[in-house]
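Here are my notes for you to read alongside the model. I have kept each point short.

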Amino acid sequence: QPWYAKQAWYRRCARDHVAYREKVKSRFVVNAIASRGSAWAETYSHVWIIDEDVRLPPLRYVRHFLRESHGHGALISQPAIYGSVWSLLRPHPRCATRATDLVELMLPLLQTRVALDVFTRLYRSEATTDWGLDITWCKYAASRFVQSPACIVVNAGRFVHPTGNTTANYSRRS
């Protein structure tokens with residue numbers, strides 16, 4: 001059983017999860033969509049893809065992030081993250097929610113219709129990396145789904161990604 005299954009917020013909020021032996025997170029998502037995508041489209045408004053090493057804040061902050069994302073109607077969103085290599089994705093002292101062209105693959109919340117489109121049309125299933133997906137999908141989603149803002153970052157508690165040179169997907173040095 002994964003570590004997060006023991007968390008109170010997970011037991012209260014999560015309705016479905018999948019696990020595959022993949023080294024590349026996007027391939028993992030492609031597999032999940034291939035097996036469950038049509039059911040997800042009928043059941044869920046959003047899909048939240050979370051790296052296994054991200055430390056989540058208490059439930060009230062997770063709830064705040066989800067409400068803000070839904071309230072703004074963003075196609076793709078993420079909480080501001082302590083430890084992000086991108087300064088624009090870290091918490092901002094004066095701007096609680098902001099539009100962006102970059103949502104990192106570490107912690108994105110996607111509308112289900114957008115996730116299905118991104119991982120069946122934009123992302124190539126034979127790819128061996130997902131490098132670059134996070135810097136293209138906001139503009140791609142904006143061009144496919146007329147909605148503003150396409151992507152947002154929300155200050156929502158202390159979401160932390162451990163510092164270091166790697167994420168679950170690729171070396172930052174590559």
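The points below cover confidence, the disulfide, one acidic residue and the nonpolar cores.

1. Ground rules. Please bear in mind that this is a predicted model, in which local features need pLDDT of at least 70, side-chain atom pairs count only at pLDDT 80 or more, and totals for chains, interfaces and linings use all residues. Residues are numbered from 1 along each chain as its sequence is written, and side-chain values use heavy atoms, with hydrogens and water left out.

2. Confidence. The average pLDDT (the predictor's confidence in each residue, from 0 to 100) is 83 for the protein chain, and 88% of the residues score at least 70. Among the elements (DSSP runs numbered from the N terminus: helices are H or I with at least four residues, strands are E with at least two), strand 4 (residues 109-111) has the highest mean, 96, and helix 1 (residues 8-13) the lowest, 75. Do look at residues 164-174, where the pLDDT is below 50; beyond near neighbours in sequence, that stretch has 24 contacts (heavy atoms within 4.5 Å) in the model.

3. The disulfide. The structure holds 1 disulfide (a pair of cysteine sulfur atoms within 2.5 Å). Its partners are Cys138 and Cys151, with sulfur atoms 2.1 Å apart. The pair links distant parts of the chain, 13 residues apart: Cys138 belongs to helix 5 (residues 137-144) and Cys151 to strand 5 (residues 151-160). The link of Cys138 and Cys151 is left-handed, at -110 degrees about the S-S bond.

4. Cysteine exposure. Cys138 counts as buried (under 20% relative accessible area; exposed is over 50%, partly exposed in between, with a 1.4 Å probe and protein chains only) because its relative accessibility is 2%. Cys151 is buried too, at 1%. Cys95, by contrast, is partly exposed at 27%.

5. Asp51. This residue sits in the loop between strand 1 (46-48) and helix 3 (59-72). With 2% relative accessibility, Asp51 counts as buried. Its side chain makes a polar contact of 2.5 Å with that of Lys25; such a contact is a pair of N or O atoms within 3.5 Å, where within protein one must be able to donate a hydrogen and the other to accept it, and residues adjacent in sequence count only if both atoms are side-chain atoms.

6. Nonpolar cores. The largest core (a set of buried Ala, Val, Leu, Ile, Met, Phe, Trp, Tyr and Cys residues joined through side-chain atoms within 4.5 Å) has 27 residues, and Ile76, Val114, Phe119 and Trp137 have the most contacts inside it. Helix 2 (25-43), helix 4 (112-122) and helix 5 each give two or more residues to this core. Apart from it lies another core of 16 residues, including Tyr10 and Val154.
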